[in-house]
Amino acid sequence: MFQIMVVEDDQSTARWMQAVLIYEGYHVVLAENGAVALDIMDRQHIDLIILDIMMPKMDGYEFTKTLRSVDEHTPILMVTAKEAPEDKYKGFLAGTDDYMVKPVNEKEMLFRIKALLRRSHIANEHKLTIGKVTLDYDSLSVTRGEVRMTLPQKEFYLLYKLLSYPGQIFTRLQLMDEIWGKDSTSADNTVTVHIACLRKRFAGWPEFELVSIRGIGYKAVIHNE
């Protein structure tokens with residue numbers, strides 16, 4: 001599941017974008033300004049950024065310049081009420097990949113997002129490598145040397161999620177909502193059962209382990225050789 005961050009100080013706009021993107025199957029992170037967005041990116045992976053320009057503390061231009069000084073690849077889609085040619089020029093000069101003017105057309109925004117993900121090769125190369133282990137999102141497979149396992153969909157998504165954010169604790173409710181959906185009728189112990197299956201499958205693999213946090217949830221721990 002792709003992680004899209006919406007950087008927008010207008011709450012109604014941010015919530016509308018969040019709803020549209022979640023409906024399309026994306027995981028959405030919200031940030032009210034550029035400073036908060038940079039802090040989030042220090043802690044978790046983001047596949048694409050939808051960015052407003054006029055924001056307090058750190059505007060879209062400053063955020064883009066700061067991010068591009070350390071990250072050349074994460075796609076940025078600027079979405080703003082500023083429509084003058086010089087505003088667009090300033091945005092592209094700062095390092096944005098695409099530019100939309102408000103009010104935003106929902107279908108156009110989704111088409112642009114898909115194009116940016118495809119252009120950046122994220123959609124075709126959505127893999128995670130941890131030591132000798134590679135997780136391939138498209139094939140739901142986990143490979144280590146000559147060993148290759150294709151996992152049931154929910155098991156793979158759960159493992160991919162935890163390993164994408166090593167050390168970060170996720171509650172059972174968070175994992176249920178994201179992987180099974182907020183309207184899921186699955187049993188309360190679904191996450192626990194899937195964690196048990198994953199531990200059994202990867203018992204003895206030294207690269208990682210899935211750790212229970214009593215009364216809260218789970219996290220992945222990466223072991224460096």
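Visitor: Why is Q18 called buried?

Guide: Quick note before we start: this is a predicted model. Now, Q18 has a relative accessible area of 17%, and buried means under 20%, so Q18 makes the cut. You'll find Q18 in helix α1, which covers residues 11-23.

Visitor: What is Q18 in contact with, leaving aside its neighbours within four places in sequence?

Guide: Its partners are V28 and L30. To count as a contact, heavy atoms have to lie within 4.5 Å.

Visitor: L30 rings a bell. Which residue is the bridge partner of L30?

Guide: That's V6, paired with L30 of β2. Strands β1 and β2 run parallel and are joined by 5 bridges. Two strands pair if there are at least two bridges between them, so β1 and β2 qualify. Between these strands the chain passes through α1, and this β-α-β crossover is right-handed.

Visitor: What makes you say β1 is largely enclosed?

Guide: Just look at the count: 5 of the 5 residues of β1 (residues 3-7) are buried, so the rest of the structure largely encloses this strand. Both faces are covered, too, with Q3, M5 and V7 buried on one side and I4 and V6 on the other.

Visitor: How do you know that β1 and β3 pair?

Guide: Same test. They have 4 bridges, in the parallel sense, and at least two are needed. One example is M5, whose bridge partner in β3 is I49.

Visitor: Now helix α3. Why are its buried residues said to be on the same side?

Guide: First, who they are: G60, Y61, F63, T64, L67 and R68 are buried in α3, which spans residues 60-68. They cover an arc of only 165° around the axis, so they sit on the same side of α3. As for what they pack against, that's α2 (34-43), β3 (48-51), β4 (76-80) and α4 (85-94).

Visitor: What caps the N-terminal end of α3?

Guide: D59 does, with a side-chain oxygen 3.2 Å from the backbone nitrogen of Y61. A polar contact needs its N or O atoms within 3.5 Å, and 3.2 Å fits that distance limit.

Visitor: What about D87: buried or exposed?

Guide: Buried. Its relative accessible area is 15%, and the limit is under 20%. D87 belongs to helix α4. Setting aside neighbours within four places in sequence, D87 is in contact with Y61, K82 and Y99.

Visitor: And why is K57 called exposed?

Guide: K57 has a relative accessible area of 78%, and exposed means over 50%, so the label fits. K57 is in the loop between β3 and α3.

Visitor: What is notable about the phi of K57?

Guide: The value is near 70°, which is positive in a residue other than glycine. Most residues other than glycine have a negative phi.

Visitor: Where does L140 lie?

Guide: In the loop between β7 (133-136) and β8 (141-144). Its phi is near 60°, a positive value in a residue other than glycine. L140 counts as buried because its relative accessibility is 17%, with the cut-off at under 20%.

Visitor: Which bond joins K102 and P103?

Guide: A cis peptide bond, with omega about 0°. Most peptide bonds are trans. P103 is in the loop between β5 (98-101) and α5 (106-119).

Visitor: What makes β10 and β11 edge strands?

Guide: Each pairs on one side only. Their open sheet has 3 strands in the order β10-β12-β11, with antiparallel pairing. β10 and β12 are joined by 2 bridges, and at least two are required. F170, for instance, has Y218 of β12 as its bridge partner.

Visitor: Zooming out, how do you know that the radius of gyration agrees with a compact globule?

Guide: For 225 residues, a compact globule would come out near 17 Å; the protein has 19 Å, which agrees. The C-alpha trace spans about 60 × 35 × 30 Å along its principal axes.

Visitor: How many helices and strands does the protein have?

Guide: There are 8 helices and 12 strands. Of the 225 residues, 46% are buried. And among contacts between residues at least 6 apart in sequence, 55% join residues at least 24 apart.

Key: Residues numbered from 1 in each chain as written. Predicted model: local features only at pLDDT ≥ 70, side-chain atom pairs only at ≥ 80, totals over all residues. Heavy atoms only, no water. Buried < 20%, exposed > 50% of the residue type's maximum accessible area, 1.4 Å probe, protein only. Arc of directions from axis to C-beta. Polar contact = N/O pair within 3.5 Å; in protein donor to acceptor, adjacent residues only side chain to side chain. Right-handed = clockwise from strand over helix to strand, strands pointing away. Rg over C-alpha atoms; globule rule 2.2 N^0.38 Å.
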